[in-house]
Amino acid sequence: MAQQNIKQIIKQEYIKCAKDPVYFMKKYCYIQHPTRGRVQFNLYPFQEATLKLLQKNDRSIILKSRQLGISTLSAGISLWMMVFQRDKAILVVATKQDTAKNLVTKVKFMYDNLPSWLQIGFTEKNKLALRLKNGSQIKAVSAASDAGRSEAISLLIIDEAAFIEENRIEDIWGSSQQTLSTGGKAIVLSTPNGTGNFFHRMWAKAQEGTNGFTPIRLPWTVHPERNQEWRDKQDDELGSRMAAQECDCDFTTSGNTVFDADLLSYYEKTFICEPVEKRGIDSSLHIWEYPDYTRKYLIVADVARGDSKDYSAFHIIDIEEAKQIGEFKSQIGTKEFGHMLVAIATEYNNALLVIENANIGWNTIQIVIDKGYQNLYYSPKGDAATNAEAFLAKGYDITDTSKMVPGFTMSMKTRPLTIGKLDAYMREKSVIIQGHRTMEELRTFIWKNGRAEAQTGYNDDLVMSLATGCYVRDTALKFAQQGIDLTNATLRNWQKSAPGVYTGGVSKKDAGWTQDMGDLGQQDLTWLL
């Protein structure tokens, strides 16, 4: 073939490749397959469709199953940009430097296996970077807080974004905005890792169309070589929870959430609804049921400073049905919160008022005591706080305030007990939850280093106050069921107790039990058990 014809063919092929990255990859790019070795990059239909979306949109977020070759696809589009465009800077960020380096390695392998007429030479080539003679380059970095800062980024690739620490990925994204805003592209990709993290929020906003990202969802079913037999095998190999994370693109069944995702979905579909009333300037108090003077209520509060990211919160709970009928969450001063709690508790039949007494909670509790509210919950001191029967067995008089403290004591011992109680109530479907805000907190309540707490950037005030409510209902209120002799003796003491002291679930004035306190021992309280 004449030299001139060869040059013409190369020119035509070069133009085709420059115009179409799909054509470039399918015809000239080679990859390292884990079992087949060096093979041509024959894109699957879903990879081709994804590539076209990445080319069309400046910002893309990919929610993907495991082993779909999306990182390899990202390497391919990176190489295409570098070969056919001058002075392009591509930054790859991942949880670890080795993970980011792996994508650069894919780019280098593709480049080394290009025909000579597509190789334009390089000025730098090492484990973490490749710089071509046309000024284009790709560089790999770990998710350090300064990643992306002062970089002139043409394309930012964040790999496995859901697994990067929250504060680091926030910094990465924030520091890259100046250069991206001048025309740079971004690809954020990951398998899910629970709800509430940066990747989940970005994905949710992309679906809503509020952050400029194009959402691309790629579950295991898009791969033409996978079937249900393959999926079932993943359950056996990984376990159902990890398989859901790695294969199904399901946020709610992935990650280290404390409460079972299927159970949360059940609650959301069955009970979550809009309140009948939203009170307050900021509509922070949600009401589902108004007071019924034949019912007994429990109000459980968690107190925050009121001037930080934490929120003060409380629930109004129908004791007999274990039903959330009110929910409050807002930033409010501790004294104002105390006045509010007394007003709401009074409105709801002088409800048993349970306030966590840790740190700032004492300010709120003091307001309640100063106002003379007569149905404030008191906790037994010491180990007895975690065991009602042990407390009574030691012969303590539950009206003796020297053995008790106002408010609920959340300690290293009681905290896991309260969370466990809420989990048990939910699994048995014994508690009714109606609030959207409570459900949002339940979804972002995770295991972190063996401790159940809110995911970084989220709150657990409503979760903890609801858990406390379940615990109090199921343990402390059972003081009334500790035997007829003890009950009768206790009732006699109740009638003598000082105002403002909670003594086992009733107050002399009116805890909604009976007008004659001496008759309480004959009431049917089996529902407490």
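I started with Lys-323, which counts as buried because its relative accessibility is 16%; buried is under 20% relative accessible area, exposed over 50%, and partly exposed in between, with a 1.4 Å probe and protein chains only.

A note to self on the ground rules: this is a predicted model, where local features need pLDDT of at least 70, side-chain atom pairs count only at pLDDT 80 or more, and totals for chains, interfaces and linings use all residues. Residues are numbered from 1 along each chain as its sequence is written, and side-chain values use heavy atoms, with hydrogens and water left out.

Next I looked up where Lys-323 sits, and found it in strand E15, residues 323-330. Strands (E, at least two residues) and helices (H or I, at least four) are DSSP runs numbered from the N terminus.

Then I went through its surroundings. Setting aside neighbours within four places in sequence, I found Lys-323 in contact (heavy atoms within 4.5 Å) with Glu-289, Ile-316, Ile-317, Asp-318, Ile-432 and Gln-434. The side chains of Lys-323 and Glu-289 share a polar contact of 2.5 Å; that term means a pair of N or O atoms within 3.5 Å, within protein one able to donate a hydrogen and the other to accept it, with residues adjacent in sequence counting only if both atoms are side-chain atoms. I also noted 6.5 Å between the C-alpha atoms of Lys-323 and Ile-433, which lie 110 residues apart along the chain.

Last, the cysteines. I found 0 disulfides in the structure, a disulfide being a pair of cysteine sulfur atoms within 2.5 Å. Cys-17 is in none, and its nearest cysteine sulfur, that of Cys-29, is 8.3 Å away. Cys-17 is buried at 0% relative accessibility, and Cys-29 is buried with a relative accessible area of 0%.
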